[in-house]
Amino acid sequence: MTATLITGANKGLGYETARRLIAAGHTVYLGSRDAERGHRAAEQLGARLVLLDTTDDASVRAAVEAVRADGGLDVLINNAGVEGRGENNAVIGAADVTAAHMRQTFETNVFGAVRVLHAFLPLLQRSAAPVVVNVSSGLASLARLTTPGTPAYAYPGVAYPASKTAVNMITVQYAKAFPAMRINAVEPGFTKTDLNGNTGVQTVEQGAEIIVRMAQVGPDGPTGGYFDSEGPLPW
Ligand code: NAP
């Protein structure tokens, strides 16, 4: 039985990914920083709740202990993320972005992902087929954001795309360092969730597709890549 932890799985893409992987036979540890929201989601899905705030060392340590005590981990899905929009759901562009906003965004999207990955490495290394999926974004792509005419080019935000570009680089470097693991970054696509004030155009079912697929990648599958549901993306 494959044991899978999904951070930030109490709603949105993480929740849908949990639903699909449970249906595929995984034992899913549903990460949630809030006990009540987490209990509700885990109960609805038949997942095991793991209280986990990715920005908090003690919380992540306790989560590792809980998963270790329960038997270990094969798949880690670094899904918890924030976009950090401003008033009226406005994207914070170059004129308004502050160091504090950058720090807040990186705290979850970048430092949180590394904190979790670093803490779970010993458990993953004990797995026969360890897999990491870093939920990135199409907005991570320097190629896209520098190509006029692509939808991503018009996105004015600074902190969020910068944080996801960092996630991509982290993916590449970890994949090289741990060749026995399959470690990939994925772009779900612009999906209707609370992250973007429900302005996305895809359903969570569509968005979760590539996360679910890369969570089930076999030992001969790709590593160190960046994919959406149609295939590899330009960095
Ligand atoms: P969402 O519905 O807002 O869900 C985000 C999840 O992350 C929630 O469960 C949230 O928990 C959790 N979270 C935030 N900060 C956390 C922390 N410090 N510790 C633990 N959990 C935390 O957003 P989503 O769209 O499903 O986003 C999931 C991932 O997909 C993110 O990494 C996002 O960047 C990425 N993504 C989304 C889109 C899109 O269009 N939606 C596109 C590309 C990539 P709470 O409920 O407690 O806030």
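A contact here means heavy atoms within 4.5 Å. By that rule, residues 24 or more positions apart account for 68% of the contacts in the protein with a separation of 6 or more. What you have open is a predicted model, in which local features need pLDDT of at least 70 and side-chain atom pairs count only at pLDDT 80 or more, while totals for chains, interfaces and linings use all residues. Residues are numbered from 1 along each chain as its sequence is written, and side-chain values use heavy atoms, with hydrogens and water left out.

Begin with the whole protein in a cartoon view, where there are 7 helices and 8 strands (DSSP runs numbered from the N terminus, with H or I of at least four residues for helices and E of at least two for strands). The C-alpha atoms fill a box of roughly 50 × 40 × 30 Å along the principal axes.

Next, select helix α2, residues 35-45, and colour Gly 38, Ala 41, Ala 42 and Leu 45, which are its buried residues (under 20% relative accessible area, against over 50% for exposed, with a 1.4 Å probe and protein chains only). These residues cover an arc of only 95 degrees around the axis, which puts them on the same side of α2; the arc is that of the directions from the helix axis to the C-beta atoms. Then show α1 (12-23), β2 (27-32) and β3 (48-51), which are included in what covers those buried residues.

Turn to the face of α2 directed away from its buried side, and you will find the exposed residues Glu 36, Glu 43 and Gln 44.

Finally, visit the two ends. At the start of α2, a side-chain oxygen of Asp 34 reaches to within 3.2 Å of the backbone nitrogen of Glu 36, and just after α2, Gly 46 takes a positive phi of about 75 degrees.

Definitions and conventions:
Polar contact = N/O pair within 3.5 Å; in protein donor to acceptor, adjacent residues only side chain to side chain.
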